[in-house]
Amino acid sequence: MRTFDYRRAVDHTQALSIAEAEHARYLGGGTNLVDLMRQNIESPAALVDVSRLKGTIENTAGGGLLIGAATRNSVVAANPVVRAHYPMLSRALLAGASAQIRNMATVGGNILQRTRCAYFYDVAGSRCNKREPGDGCDAIGGFNRYHAILGASGSCIATHPSDMCVALAALDATVHLVGPGGERKVPLIDFHNLPGETPQIETVLRPGELISAIELAPSAAAVNSAYRKVRDRSSYAFALVSVAAGLEVVDGKIKDVRIALGGVAAKPWRAVRAEEALRGETPARERFLEAAGAELAAARPFDGNAFKSELAKRTIAAILGELTGASA
Ligand code: SF4
């Protein structure tokens with residue numbers, strides 16, 4: 001049995017000071033980190049529990065929302081302002097995990113959860129560059145139905161498991177950080193790394209830094225938005241492909257469009273090529289499919305997941321059809 005120290009922080013200042021003094025890892029709801037410790041993938045010497053910090057959802061001066069990192073996923077999903085002004089976020093959260101896990105999981109922990117690649121968790125029997133850099137990757141050439149088709153590398157083809165982060169990417173969310181060097185902000189779409197040659201470096205988080213909040217800006221596209229998740233069973237399963245999308249249509253033309261994909265890359269994948277192809281266009285299923293095709297042209301599937309390209313195209317077209325009524 002591995003032992004570790006456990007301390008509970010009452011505020012960010014205390015959390016930072018404990019983490020610095022004891023080289024501690026931050027513990028949110030524990031719905032991923034505790035699993036990783038049980039599997040001997042991570043073995044921190046100390047944990048500083050930040051899950052009891054106040055979970056808050058506040059209006060910002062600019063008309064958006066500031067969501068505290070300790071806020072539970074179920075609280076965000078049920079918040080009336082989130083449901084009315086950012087429905088894709090509420091729907092993405094409700095598509096994730098189970099009710100029990102959503103009641104425990106925090107916003108900060110959701111962002112920092114690690115891949116569910118089965119080879120990553122198979123400590124005794126599989127090679128994994130993310131777990132042991134330089135070891136190899138048994139998912140390449142193995143069972144890779146759930147793996148990436150965009151942005152992967154010869155070192156790692158894992159996907160990011162979060163539903164919430166897909167919506168946050170489409171919403172242009174900003175991650176607020178506090179750390180030994182002070183406070184800073186990072187756009188969510190820049191927070192997670194693609195694997196390259198260093199798949200073990202998953203985010204731009206610096207040593208000792210803690211996610212303090214997520215900020216959402218207001219927009220018409222966020223109000224007219226949705227989330228669609230395709231998976232092997234109807235609940236408690238990770239996405240094969242998911243799509244978060246929002247649209248603003250003015251005078252019959254697409255003025256603003258936000259699209260992000262989940263289940264296809266090591267980070268939430270913002271579909272910028274598809275968005276560019278759609279701005280100024282008249283909503284129509286053929287346009288949606290063409291734009292999705294432009295995005296998925298960069299896909300590099302493996303033996304077990306070639307279906308994801310077509311699935312992603314059709315899911316993008318379906319959700320845009322739902323939002324515009326142009327589904328025929
Ligand atoms: Fe490890 Fe990434 Fe390969 Fe999975 S895909 S075995 S996480 S290196």
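1. Let's start with a charged pair. In this predicted model, Arg273 and Glu295 form a salt bridge, and their closest N and O atoms are 3.6 Å apart. Arg273 sits in helix α12 (residues 272–278) and Glu295 in helix α13 (residues 285–296), so this pair ties together parts that are 22 residues apart in sequence. The two ends have their own surroundings: Arg273 is partly exposed, with a relative accessible area of 41%, whereas Glu295 is buried, at 1%.

2. Asp172 and Arg270 are another pair worth finding on your screen. They form a salt bridge in which the closest N and O atoms are 2.6 Å apart. Because Asp172 lies in the loop between α9 and β6 while Arg270 belongs to strand β12 (residues 269–270), the bridge ties together parts that are 98 residues apart in sequence. Here the acid, Asp172, is partly exposed, with a relative accessible area of 37%, and Arg270 is buried, with 14%.

3. Asp172 and Arg270 also belong to a wider group. Salt bridges with shared partners join them with Asp256, Arg258, Glu275 and Arg279 into one network. The structure as a whole holds 21 salt bridges.

4. One more pair to look at is Glu42 with Arg25, a salt bridge whose closest N and O atoms are 2.1 Å apart. It links distant parts of the chain: Arg25 is in strand β2 (residues 25–27), Glu42 is in the loop between α2 (33–38) and β3 (46–49), and they are 17 residues apart. Is Glu42 buried or exposed? Glu42 is buried, with a relative accessible area of 11%, while Arg25 is partly exposed, with 36%.

5. Now for the sheet that contains Arg270's strand. Four strands make an open sheet in the order β9-β10-β11-β12, with antiparallel pairing. The edges are β9 (225–230) and β12, each having a single partner strand, so one side of each is left without a neighbour in the sheet. Strand β11 (residues 253–262) pairs with β12 in the antiparallel sense over two bridges. The bridge partner of Ala260 in β12 is Arg270, the residue that also forms the salt bridge with Asp172.

6. Which helices lie across strands of this sheet? Helix α14 (residues 307–324) lies across β9, β10 and β11, running at about 35 degrees to β10. Helix α5 lies across β9 and β10 (241–250), and α5 runs at about 25 degrees to β9.

7. Turning to other strands, β4 (residues 57–59) and β5 run antiparallel and are joined by three bridges. Within this pairing, Glu58 stands opposite Leu66 in β5. The two strands form a hairpin with five residues between them, and Gly63 in the turn has a positive phi of about 90 degrees. On top of that, β5 pairs with β8 in the antiparallel sense over four bridges, with Gly68 standing opposite Ala213 in β8.

8. The largest nonpolar core has 35 residues, and those touching the most other members are Tyr86, Leu89, Ile111, Met164, Leu168, Ile214 and Leu216. Elements giving two or more residues to this core include strands β5 (65–68), β6 (174–179) and β8 (210–216), together with helices such as α3 (73–78), α5 (87–95) and α7 (107–112). Which element gives the largest share of this core? It is α9, with seven residues.

9. Tyr86 makes a good place to look around. Leaving aside neighbours within four places in sequence, Tyr86 is in contact with ten residues you can pick out by name: Gly63, Gly64, Leu65, Val81, Leu171, Leu216, Ala217, Pro218, Ala222 and Ser225. Among these, Gly63 is in the turn of the β4–β5 hairpin, and Leu216 is one of the core residues listed above. A second, separate core has 29 residues, including Ile259, Phe288, Leu296 and Ala317.

10. Finally, the domains. The domain assignment of the protein chain gives domain 1 (5–51) and domain 2 (226–324). How many Å apart do the C-alpha centres of domain 1 and domain 2 lie? These centres are 36 Å apart.

Technical notes
Residues numbered from 1 in each chain as written. Predicted model: local features only at pLDDT ≥ 70, side-chain atom pairs only at ≥ 80, totals over all residues. Heavy atoms only, no water. Core = buried A, V, L, I, M, F, W, Y, C linked by side-chain atoms within 4.5 Å. Buried < 20%, exposed > 50% of the residue type's maximum accessible area, 1.4 Å probe, protein only. Contact = heavy atoms within 4.5 Å. Salt bridge = Lys/Arg side-chain N within 4 Å of Asp/Glu carboxyl O. Pairing = 2+ DSSP bridges. Domains from an automatic or database assignment. Axes fitted to C-alpha atoms, helices over the stretch in contact; angles between N-to-C directions.
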